[in-house]
Amino acid sequence: MDQDLCIGFVMSDMNAEQLSIELDRDLFLRNLLRELSGTLEELVGLEEASGYISLVGQKIGDWLNREYRDEFNLQRLPPDKIAQVLVDLKARIEGGFELASIDDQKIVLTNTRCPFGDKVLGRKSLCMMTSTVFGTIAAENNGYAKVILKRTIAAGDAGCEVVVYLSPPIDDDALRGIEYYEG
Amino acid sequence: MAFETLRRLIDSIPDIFILVDLDGRLLAANRAAQRQFDLPPALQGGIELASLLQTTPKELRAALARAGRSTNPMLVPLKWLKQREDLNLKTFASRFDAAALPELGRMVALHCSWQKHGTGQFSLLNRELESNRRTLVKLLESKRTIEYEHQRSLITLQSIADAVIATDRLGFVEIFNDAAVKLTQVSEEQAKNMHISEILEMVEGPYETEVQTPLEACLQSGEPSLSHEARARVQHNEAEFIISASASPIKMESGRVVGAVMVFRDISELHQTQNQIRFLAEHDLLTGVANRHQFNRSLAETLDRTSRENPCSLIFFDMDLFKIVNDTAGHQAGDQLLKDIVRIIRSRLRNTDLFARIGGDEFTLLLPGTNHENAVNLTNQILHLVKRFVFRWDNHAFDVTLSAGLTTIEHRGMDSSEAIRQADLACYVAKRAGGNQLHCFAPDDGTGRSNLNEYNLLSEIRRALDRNDLSLNFQPLVDIRNFEVAFHEVLLRMTDSRGLLISPAEFIPVAERNGLMGDIDLWVITSAFKTINRDKQEGQSLNLSINLSGRSIGSKELLARIRELIARYEVPKHSVIFEITETAAIENIDTAIEFVNEIRELGCLFSLDDFGAGFSSFKYLRSLPVEFVKIDGSFIVNILKDSANEAMVRAIHQIAHALGKVTVAEYVEDAETIDLLREIGIDYGQGFYWGKPTPEPQFESDVSIETEAKSTKLVAETKLTLDRA
């Protein structure tokens with residue numbers, strides 16, 4: 001008897017739950033997101049796919065903003081709290097975001113681990129989720145925000161660098177990024 | 001400026017761009033949006049976005065609020081009213097802040113694009129392909145139509161009889177049809193490399209000045225060149241013909257001339273025919289000089305330009321004794337004589353002079369720009385030349401002379417008929433003065449009563465002959481023994497232009513002097529024969545006695561005409577007697593005998609008229625082959641009172657009878673005279689006793705024979721004599 005067949009025979013005798021398959025809800029959802037965004041990008045292109053994801057991101061941002069405000073019991077979150085929220089919400093979904101700097105002008109965040117894991121590679125539209133969620137939360141509390149994704153893992157960079165301006169920049173960044181306003 | 005540039009840019013793209021405020025009021029829309037939703041160019045915030053949508057206002061507000069929160073374009077689920085079912089409009093919206101216009105506040109930019117994915121793209125592609133396919137089908141159809149039209153045009157072009165040449169804008173040949181090949185003897189292949197001027201050149205006018213072809217004129221002016229007649233010369237073989245040509249430019253829609261087409265045909269034959277017709281209408285066929293019509297026209301034109309400084313002279317020529325030539329040598333000789341005279345006169349003329357034949361032997365000569373003296377000199381030269389000329393025909397020689405009348409006009413506007421009348425009257429005076437001379441018109445030419453009377457009478461005779469204003473009367477000639485009407489003498493009557501009767505005693509001498517008796521005799525003979533024919537058709541046998549003038553005796557032309565008329569009107573044998581006077585007969589007795597014999601061979605009889613009034617030579621009576629001797633009326637009128645007359649009548653009768661001829665007494669007016677004539681033995685009588693001349697022949701005499709005795713013996717003798725004749 002062929003050895004492989006012999007092994008197969010042995011495994012087929014096991015129950016499904018005994019199998020070492022790497023599958024949990026998180027992985028499933030991340031895969032689902034990756035496939036959805038991939039399909040969207042293939043069908044309508046990156047630009048338009050980003051438009052769809054922005055719509056989703058805005059709703060997620062509004063939801064999370066309400067959650068954090070309620071927990072802080074604040075009508076509006078000040079910039080430092082905003083920075084904490086942005087790092088925290090990423091940490092809760094297994095992202096590796098850290099606060100690089102903060103002043104009245106902007107919050108700079110870096111990231112070494114994407115919440116979507118390696119599924120984000122080649123899926124730049126998913127980064128729009130981060131931009132929209134960050135921009136929505138910052139604008140709802142600050143009245144205005146501008147998010148510039150300077151480096152992204154999705155684009156092949158080693159890590160992400162995200163700048164959240166709290167007032168319109170006047171330097172080179174004036175012409176980059178996406179602006180967000182209080183709804 | 002940048003804003004304007006941006007607006008123009010947005011206007012130029014096919015996607016829809018709409019700018020609204022957060023309440024949904026339209027602030028601006030690009031052209032695509034204006035077209036799609038029928039929006040006015042200037043919106044001014046008066047239009048609600050909701051009015052363009054099926055989306056509820058609540059949903060719209062929520063969508064705008066969401067979009068207004070980010071500059072990142074976001075899909076908004078709007079359902080447009082004018083959205084086509086097969087093509088969905090997908091709408092993205094984002095916040096739009098115009099930094100230059102802060103007063104506008106927060107705005108949302110809506111960007112609608114046609115669905116680009118899935119079936120939409122396929123549908124678009126299908127739509128495009130279908131559109132392309134339809135365009136292609138139309139193109140193919142157009143191509144087929146153009147090819148068909150092209151073929152049809154080519155076949156039409158090659159089939160038509162007219163030559164067609166089409167060139168480019170520089171005049172180089174592009175189309176050269178079969179008719180053009182045939183006409184020019186240049187092949188289509190040769191022609192296609194040539195300029196029109198290398199194929200044809202056109203010349204005009206007496207000096208054959210080279211002119212542009214209509215095609216070249218048309219290329220130059222850009223306007224059609226209408227029907228044009230000119231002489232064309234083919235360059236390669238120098239063939240020439242008259243062509244009728246027209247040309248039209250070929251223009252693009254912009255009006256730019258890109259070529260021209262010339263259509264032409266050879267009208268040389270037509271031209272020649274027209275020239276011939278024109279020549280025939282304006283010239284005398286026998287002599288080739290102008291005819292009366294052409295002369296009158298030119299004369300009127302010349303008189304219109306005449307002045308003291310620019311006088312003109314008019315000469316009227318009439319040949320003396322032309323009738324003699326015509327009658328004795330025949331009309332062919334007469335025709336030749338006319339040609340010879342024309343040749344002689346023309347040898348003295350300038351190109352500007354106009355010479356015409358306006359009647360049988362009448363000519364007119366118009367000398368424009370010629371004064372009286374020069375005209376006199378020229379006319380005398382002509383008369384001299386003609387006088388020196390001797391006309392020879394069949395061993396006969398005739399001396400020919402002309403009479404000429406000259407008038408010189410030195411003022412403008414004289415009527416051409418008056419000018420001709422003056423020259424004619426002057427010619428008449430020259431003729432009356434013996435002929436072979438020139439008479440210059442003087443105002444008193446017409447005041448001499450005899451001249452004027454005779455001239456006027458002559459005009460009346462000519463007019464009566466032209467207009468058939470002559471008529472015949474018939475007087476019976478009765479058998480004295482039984483009073484039966486045997487013949488009628490035809491007597492000529494003429495009315496003038498006022499309708500008044502003119503006595504033959506007046507007009508016959510004038511006609512004789514002016515050479516018109518031949519025409520008059522012919523008219524009388526023709527009318528008499530027609531009457532015989534008419535009565536014959538009606539079952540009535542009519543015998544007529546016709547007077548012939550001395551001029552007609554010996555006329556070969558008249559003889560030919562009598563022969564022709566007898567045949568045409570089927571004149572029965574012995575139904576016509578020709579009366580000739582004794583005087584005329586003996587003037588040229590040999591000719592008269594020959595003439596009489598020739599006519600007798602045609603079945604006609606002859607009577608010697610007025611015998612006793614002239615020479616009364618019984619010798620001639622013996623030699624003349626006549627059946628009747630008509631004793632001159634002057635012997636009869638007084639026969640009862642004058643015994644010498646009675647003796648004369650008896651002698652004539654006896655001699656005539658002895659020679660086998662029948663006697664006729666004229667001017668018989670009473671019964672006593674008849675008794676005496678019967679006693680003498682006269683056969684026939686004529687006079688008022690039996691009847692006056694009437695417009696129609698009377699077949700019963702006015703007097704019955706019942707009162708008279710009958711002489712059957714004489715009747716038998718007369719019949720015997722007639723049968724012998």
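These are my notebook entries on the cavities of a predicted model and on the contact between its chains A and B.

**Entry: cavities**

I began with enclosed space and looked for cavities of 30 Å³ or more; the count came to three. I then turned to the largest cavity, and its volume is about 130 Å³. Its lining takes in 17 residues, and I noted those closest to the centre: A:Phe97, A:Cys114, A:Cys127, A:Thr130 and A:Cys160.

Next I asked myself which elements of chain A each supply at least two residues of that lining. I found one helix and two strands: α5 (127-142), β3 (144-151) and β4 (160-165). I also sorted the lining of the largest cavity by residue class, and I got twelve nonpolar residues, three polar ones and two charged ones.

**Entry: where the chains meet**

I moved on to the interface. On the chain B side I have 15 residues, in contact with 20 residues of chain A. Between the two chains, about 1,500 Å² of area is buried, and carbon and sulfur atoms give 53% of that. Which three residues of chain B supply more of the area it buries against chain A than any other three? I wrote down B:Arg69, B:Asn72 and B:Leu75, which together supply 42% of it.

**Entry: polar links across the interface**

Here I looked up charged pairs, and the rule finds two salt bridges between chain B and chain A. I followed up the one that joins A:Asp62 to B:Arg69 through their side chains, with 2.5 Å from N to O. B:Arg69 was already in my notes as one of the three residues that supply 42% of the area chain B buries against chain A. For polar contacts across this interface, I have six residue pairs, both partners being at pLDDT 80 or more.

**Entry: the chain B face**

I then checked which elements of chain B give two or more residues to the side that touches chain A, and they are β3 (74-76) and β4 (89-96). The largest share is from β4(B), with three residues. How do the residues on this side of chain B divide by class? I count four nonpolar, five polar and six charged.

Conventions. Residues numbered from 1 in each chain as written. Chains lettered and ligands numbered in written order. Predicted model: local features only at pLDDT ≥ 70, side-chain atom pairs only at ≥ 80, totals over all residues. Heavy atoms only, no water. 1 Å grid on protein atoms, 1.4 Å probe; cavity = no way out; pocket = protein on both sides within 12 Å on 5 of 7 lines; lining within 4 Å. Points joined across faces, edges and corners; volume = space filled by probe spheres on them. Helix = DSSP H or I, 4+ residues; strand = E, 2+ residues; numbered from the N terminus. Nonpolar A, V, L, I, M, F, W, Y, C, P; charged D, E, K, R; others polar. Contact = heavy atoms within 4.5 Å. Buried area = accessible area lost by both parts, 1.4 Å probe. Salt bridge = Lys/Arg side-chain N within 4 Å of Asp/Glu carboxyl O. Polar contact = N/O pair within 3.5 Å; in protein donor to acceptor, adjacent residues only side chain to side chain.
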